[in-house]
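Work through the exercises below with the sequence and the model at hand. Each task is followed by a solution in steps.

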Amino acid sequence: MTRRLPALAKYSALFVAAVLTLGPVWWTFTTSLRPAAESFSLPPSFFPTSPDFSSYAAVFEQIAVPLLVLNSALVTGVVAIGQMLTAAMAGYVFARMEFRGKNALFAIVLSTMMVPVQVTIVPVFMIIRGMGLSDTLLALILPAIPTAFGTFLMRQYFLGLPLELGEAAALDGASPWRTFFSIYAPLALSGMAIVGVLAFNYHWNEFFRPLIFMISEQNYTLPLGLVTLQGNLGTGSISVVLAGVILSMVPAVVVFLFGQRYLREGLTAGSSK
Amino acid sequence: MTADRDSALLRWLFLAPTMLGIGVFVVLPIVGSLALAFFRWDIITSPQFVGLENFADLATDRTVGISFLNTAVFVVVAVAAQLVIAMLLAVLVSSRMPPWMRVFFRSTFFFPLVLSAASVSILMKYLFNESYGVINWLLSLMGIPTVPWLTSPQWAMVVVIAVYVWQNFGFSFLLFIGGLSSIPTEIYEAGSIDGATGWRQFRHLTLPLVSPTVLVASVMAIISALQVFDQPYVLTRGGPGDSTRTVVMVIYESAFRELEFGRASAIGLVLMVLIMLVTAAQFRLARRFVFYQ
């Protein structure tokens, strides 16, 4: 691209942007390592010379962190797996099988992607309540498993695989089941990884739906628990709240480090070409 | 033929979970929302039909009006900032540099997307604290008077916008990187022969060629910004006063604080129509400004 760009200006700008981007997270980390009583004294600490892990212990005392993590993990895990499986199955049918009304049905599925969650949240709340599932983890899990976006992604994915595979299988007398399970399914794994990683990231970090569906504290998920923690602690012991924030970021960062490629592919999938 | 029967069975079985799920949890609720908007219901007593009263109330309700105004301001400023920053950084990161550096910057700017909006708002709330926040401390080092970030109606909105843009610019950035990478370098070589460099090159060469991506990025950014909730809720709960109360917050409060489920549905429907109108308007504008190869 613009080869004439003065290198100094370019790298300075990028450096400043990177500092502004990573700075707040770094501050969170280093402050969580300060003794709680010092956590809001200025100047702030950017280089922990004597890290104090007591805030991390304190987090476990304040809120039932293991419970929060368990709830978040259960919801996120089941939703991610559920989405991967259902999207792969539906995506396969839309990509590889023919039947009357297929295109119309897919158009309906696609159009539901445009509806903001806030429009459906009130009736969904009522449906969940009607099913007797309010204040349970299933309230978060069930509505989240069927995924129009995931189905769209998997359909794109299957469309990209060669037709000859299925045709060859049919010629060899393989049943439609065999064709799917032995031939197409193994190839779909990386597409499913994209769906899974996106689902993991979205639901691990989710706040709006847990806020609405969960009433008792033992059913809270991690983001909800942390916001409650900040509310309860007020301005005392920032480092404890920040320790909780860092802890909650760990799985997301791990997924980011190993699954960055999948996240990027998934987020930009619907928008290019 | 067994193959046909197997096919049919597979079709139904494979589609069932997704179609059933979407039917129950998306289509049914949309219909439900449409219906509920014409009722008054507090979940405890039975629903009362009130016709267009909810919509009439919306038009005159002060808080609802303010929330739409706030959301409009938020969307315009946040999306503009997000797209400009993302484009600037994408152009810089796409330029010549060692591959490891490109990977580093790309990962860095993508990173905030991976975090939870609630967690980010929690830590930003501390950073922007008037008395002991790092931001004001940095300002004081430079001799600038401290700012009542979250306690002043004007600055609170600035903070909400800044936090939102910080978290979300990476998405537009990724889209732009993709769009910029599909421009062949020969175009720039040809252009520079004709004297197109720097800003002129950007305006007349890069921008038109990347305009389809800009359209996608802005549509997605606007739709997302119209639905903002987590940041204003955690940072300010909509305050001070109503200065950061967004439409989705009002929907949430109508339903789950005031137990006015019909009213909340009505607001939700208005929001959805707004989203569709704004998106349609963008595609209309696109006909003039977007250049497809």
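Two residues are in contact if their C-beta atoms, placed from the backbone, lie within 7 Å. The model is predicted: local features need pLDDT (the predictor's confidence in each residue, from 0 to 100) of at least 70, side-chain atom pairs count only at pLDDT 80 or more, and totals for chains, interfaces and linings use all residues. Residues are numbered from 1 along each chain as its sequence is written, and chains are lettered from A and ligands numbered from 1 in the order in which they are written.

**Exercise 1.** Describe the contact between chain A and chain B.

Step 1. Chain A puts 70 residues into the contact, and chain B puts in 73 residues.
Step 2. On the side of chain A that touches chain B, helix α13 (residues 238-269) of chain A gives the most, 13 residues. Helices (H or I, at least four residues) and strands (E, at least two) are DSSP runs, numbered from the N terminus.
Step 3. Sorted by class, this side of chain A holds 49 nonpolar, 17 polar and four charged residues. Ala, Val, Leu, Ile, Met, Phe, Trp, Tyr, Cys and Pro count as nonpolar, Asp, Glu, Lys and Arg as charged, and the others, Gly among them, as polar.

**Exercise 2.** Which helices and strands make up chain A, and why is chain A called more spread out than a compact globule?

Step 1. Chain A has 13 helices and zero strands.
Step 2. The radius of gyration of chain A is 23 Å, well over the 19 Å that the globule rule gives for 273 residues, so chain A is more spread out than a compact globule. The radius is taken over C-alpha atoms, and the rule is 2.2 Å times the number of residues to the power 0.38.
Step 3. The C-alpha trace of chain A spans about 75 × 65 × 35 Å along its principal axes.
Step 4. For confidence, the mean pLDDT of chain A is 85, and 95% of its residues reach 70 or more.

**Exercise 3.** Locate the domains of chain B and a neighbourhood in chain B.

Step 1. The domain assignment gives domain 1 (1-36) and domain 2 (52-289); such bounds come from an automatic or database assignment.
Step 2. The centres of domain 1 of chain B and domain 2 of chain B, taken over C-alpha atoms, are 35 Å apart.
Step 3. Not counting residues up to four places away in sequence, Ile267(B) touches Leu58(B), Val64(B), Val247(B), Val250(B), Ile251(B) and Ser254(B).
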